[in-house]
Amino acid sequence: MASLSDPERVRAILAEARYREVAVAPVTVEAVWGRDVRDAVDFLLSRYPGRPLPAGRLAELEAALLPHATDTGVRMRAGVWLVTAVRP
């Protein structure tokens with residue numbers, strides 16, 4: 001399975017689906033990664049099921065996320081693709 005993080009792959013998939021005027025632009029947004037540090041850690045680790053972290057590494061991950069914890073969640077900048085196209 002090819003990654004959709006590659007703009008050329010996104011363009012190819014949409015072209016194959018007969019979309020026109022496909023544009024892919026990088027955008028930086030503030031994303032909420034979890035309600036709190038533990039929730040953010042759970043979210044990040046859910047991306048790699050079956051790969052538990054040793055306790056020391058888990059503590060390092062929690063410490064890295066702690067400065068981003070706010071009363072409205074763990075917030076960090078994220079790079080995403082804004083994809084637009086014209087549907088035939």
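This report describes a three-stranded sheet and the helices packed on it in a predicted model.

## Basis of the description

Residues are numbered from 1 along each chain as its sequence is written, and side-chain values use heavy atoms, with hydrogens and water left out. In this predicted model, local features need pLDDT of at least 70 and side-chain atom pairs count only at pLDDT 80 or more, whereas totals for chains, interfaces and linings use all residues.

## The sheet

Helices (H or I, at least four residues) and strands (E, at least two) are DSSP runs numbered from the N terminus. Three strands form an open sheet in the order E1-E3-E2 with antiparallel pairing, where two strands pair if DSSP finds at least two bridges between them. E1 and E2 stand at the edges with a single partner strand each, so one side of each is left without a neighbour in the sheet. E2 and E3 run antiparallel and are joined by two bridges; Thr-70 has Gly-73 in E3 as its bridge partner.

Helix H1 (residues 7–16) packs on the sheet, touching E1 and E3 (contact means heavy atoms within 4.5 Å), and its direction makes about 125° with that of E1. H2 also packs on the sheet, touching E1, E2 and E3, at about 140° to the direction of E1; axes are lines fitted to C-alpha atoms, for helices over the stretch in contact, and angles run from 0 to 180 degrees between N-to-C directions.

## Helix H2

In helix H2 (residues 37–46), Val-37, Ala-40 and Val-41 are buried, that is, under 20% relative accessible area with a 1.4 Å probe and protein chains only. Seen down the axis of H2, its buried residues fall within an arc of 100°, so they line one face of the helix; the arc is that of the directions from the helix axis to the C-beta atoms. These buried residues pack against strands E1 (20–34), E2 (69–70) and E3 (73–86) and against helix H3 (55–65).

Notes: Buried means under 20% relative accessible area, exposed over 50%, partly exposed in between (1.4 Å probe, protein chains only).
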